[in-house]
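Student: I would like to go through some of the terms used for this protein. Please set each value against its definition.

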Amino acid sequence: MNEKTDRSETRIFKAVFPNTTNHYDTLFGGTAMSLMDEVAFITATRFARKKVVTVSSDKIDFTKPIPSGTLIELIGRVVHVGNSSLKVRVDLFVEQMYSEHRELAVSGVFTLVALDENKQPVKIND
């Protein structure tokens, strides 16, 4: 979109440990969604430099399992800016620890709204 969008792009790496996995030894879907929401929040805050809250998430696609013992990278990027809301796409990549193999595992779009001190929507670009 622009330089501000580029500057607000957020990248976070995590290791997938057994305490975050389900009975199939893969990352809990809820844990992935929580991490994605956190990255969306950080991205939106870095873009707007205002208080923001998540108001919705669009369809979240889980396309690959995320096994214990792998690394994940979450990348958040602003894809749309409205008056008081913005949309952040978050892609979660799974990467093997001991090889260069990496693939997109989960993606979704989160909508966040900027709020003023009275918790009322406020313009993002003022």
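Tutor: Start with helix H2, whose buried residues are Ala-32, Leu-35, Met-36, Val-39, Ala-40, Thr-43, Ala-44, Phe-47 and Ala-48. The model is predicted: local features need pLDDT of at least 70, side-chain atom pairs count only at pLDDT 80 or more, and totals for chains, interfaces and linings use all residues. Residues are numbered from 1 along each chain as its sequence is written, and side-chain values use heavy atoms, with hydrogens and water left out.

Student: What makes H2 a helix, and how do you know that its span agrees with the expected one?

Tutor: Helices (H or I, at least four residues) and strands (E, at least two) are DSSP runs, numbered from the N terminus. H2 has 20 residues; the expected span is 1.5 Å times one less than the number of residues. That should give 28 Å, and the end C-alpha atoms are 28 Å apart, so the two agree.

Student: Why is Thr-70 called buried?

Tutor: Buried means under 20% relative accessible area, exposed over 50%, and partly exposed in between (1.4 Å probe, protein chains only). Thr-70 has 2%, so Thr-70 is buried. This residue is found in strand E4.

Student: Which residues supply the largest nonpolar core?

Tutor: A nonpolar core is a set of buried Ala, Val, Leu, Ile, Met, Phe, Trp, Tyr and Cys residues joined through side-chain atoms within 4.5 Å. Here the largest one has 27 residues, of which Ile-66 and Leu-92 touch the most other members. Helix H2 (29-48) and strands E4 (70-81), E5 (85-96) and E6 (102-115) each supply at least two residues. The largest share, eight residues, comes from H2.

Student: What makes Lys-87 and Asp-58 a salt bridge?

Tutor: A salt bridge is a side-chain nitrogen of Lys or Arg within 4 Å of a carboxyl oxygen of Asp or Glu. The closest N and O atoms of Lys-87 and Asp-58 are 4.0 Å apart, and the pair forms a salt bridge. Lys-87 is in strand E5 and Asp-58 in the loop between strand E2 (51-57) and strand E3 (61-62), 29 residues apart.

Student: Why is Lys-87 called partly exposed?

Tutor: Lys-87 has 27% relative accessibility, so Lys-87 counts as partly exposed. Asp-58, with 35%, is therefore partly exposed as well.

Student: How many salt bridges are there?

Tutor: By this rule the count comes to 11. One of them joins Glu-3 and Arg-7, with N and O atoms 3.1 Å apart.
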